[in-house]
Amino acid sequence: MKLSIITNYKRKGYINEQLIFKRLCSTLNISINDIFDFNTTNVFYKINKNYTHVLVIMDYNVTSPKIYKDILKELLIPKIFIIDSLHYKKREIHESIFDTQFPFTSLSHPQQNYIYNQYADGFVFYNKLDQNNFNNFYTFSKPKPSVVIPPSLGKKIEINFKNFNPNKLIGINFNPSAAEGILNLKRVMNNLKDYYLDIYGSHGREDIMGEYIINDLTFNCYNINFKGKLMSNTHFFNTYHIYYNATLYDSFNYFAFLSLLNGMVPILTSNTGTHSFFPDYPFTSDGTPESIEYNINLISKTPPDYLKKILTNTLKNLIPLNDKILKEKYNTFLNEF
């Protein structure tokens, strides 16, 4: 079995997606020479000739499906679509907040449904929630096999408590969007006067004028700062105590998992993909500012030794998310085609 990837991730300001992408390539031993861009001329000739399967990883925040249809119809080997997120969920959240003020650019439901129905031989999801929601939203002319395979967290899963540093510093590393719960930040941090939140990340992923919103937050909240692109993970994990992952929707927030494995305490939102891997995690909000504030304060009031115990108990659910187990799951699923 020889795997390749075709994607439109290149030249886009991803954070979470790129972390997962790099880990996927490492887990499945996919080299840079096995990764192709949809914009490469006649790319399907090389893929058809040299590989047994192609993993399709697409960002649907694009304006036209033509280039994707033109390439996918020429790929003759099994095409396995990895669903990194549900764009219709992001669209719903975006439009419920912004209406038509800031349009959400992505392929329409009929366009995405056509691509999946016409060209996908199978699907990989990062969590069971996405798999169920996807199956309820899209319709196909015949059943298509699918599997849940979350991203790997590495070869050995353990917590580095050397970084554990209880304080009132909150960190976040993300692409600003409505789905990330960014509009809750102002109200939350205005009520948490003795906490400080530093935002790392980049603008430009979605059409919500992320720079404008970040500027509004930092102008109106003295305890919110935008730091730009994160240059050192080690510095981040050593500095901050709480990782802010109170999203409205996510699939698998890789940096939230990394933060826990490096001694930070994440705050999560129930009924999200990330939270589905933390079934008994106590610092879980319902997505409202009041609940987020409560949980941030609860983290600070929890004795350090007990916090470490909570993180250690949580780790048990993450042990299966390692390279060996997840590579075997990919091999088992791909051998069906």
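**Exercise 1. Determine whether Asn 42 is buried, partly exposed or exposed, and describe its backbone.**

Solution. Asn 42 has a relative accessibility of 42% and therefore counts as partly exposed. The classes are buried, under 20% relative accessible area, exposed, over 50%, and partly exposed in between, with a 1.4 Å probe and protein chains only. Next, locate the residue: Asn 42 sits in the loop between β2 and α2 (43-50). Helices (H or I, at least four residues) and strands (E, at least two) are DSSP runs, numbered from the N terminus. Finally, the phi of Asn 42 is near 55°, a positive value in a residue other than glycine.

The model is predicted: local features need pLDDT of at least 70, side-chain atom pairs count only at pLDDT 80 or more, and totals for chains, interfaces and linings use all residues. Residues are numbered from 1 along each chain as its sequence is written, and side-chain values use heavy atoms, with hydrogens and water left out.

**Exercise 2. Carry out the analysis of phi, loop and accessibility for Asn 271.**

Solution. Asn 271 is not a glycine, but its phi is positive, at about 60°. Its place is the loop between β11 and β12 (284-285). With 70% relative accessibility, Asn 271 counts as exposed.

**Exercise 3. Establish the strand order of the six-stranded open sheet and identify its edge strands.**

Solution. The order is β2-β1-β3-β4-β5-β6, with parallel pairing; two strands pair if DSSP finds at least two bridges between them. The edges are β2 (35-37) and β6 (146-148), each of which pairs on one side only. Neighbouring strands of this sheet are turned by 25° against each other on average, direction ignored. For one pair in detail, take β1 (residues 3-7) and β3 (residues 53-57), which are joined in the parallel sense over five bridges. Within β3, Leu 55 is the bridge partner of Ile 5.

**Exercise 4. State which strands helices α1 and α13 lie across, and at what angles the helices run.**

Solution. Helix α1 (residues 16-27) lies across β1, β2, β3 and β4 (79-83), and runs at about 165° to β1. Helix α13 (residues 323-334) lies across β1, β3, β4, β5 (122-125) and β6, at about 165° to β5. Axes are lines fitted to C-alpha atoms, for helices over the stretch in contact (heavy atoms within 4.5 Å). Angles run from 0 to 180 degrees between N-to-C directions.

**Exercise 5. Explain how the buried residues of α12 are arranged, and find what they pack against.**

Solution. Helix α12 (residues 304-315) has 12 residues and spans 17 Å from its first C-alpha to its last, close to the expected 16 Å. The expected span is 1.5 Å times one less than the number of residues. Its buried residues are Leu 307, Ile 310, Leu 311, Thr 314 and Leu 315. Seen down the axis of α12, they fall within an arc of 140°, so they line one face of the helix; the arc is that of the directions from the helix axis to the C-beta atoms. An α-helix has 3.6 residues a turn, so residues three or four places apart point the same way. The buried residues of α12 pack against α10 (254-261), β11 (265-269) and α11 (289-301).

**Exercise 6. Characterise the surroundings of Phe 237.**

Solution. Phe 237 belongs to helix α9 (residues 233-239) and is buried, with a relative accessible area of 5%. Not counting residues up to four places away in sequence, Phe 237 touches Asn 163, Phe 255, Leu 258, Ser 259, Asn 262 and Met 264.
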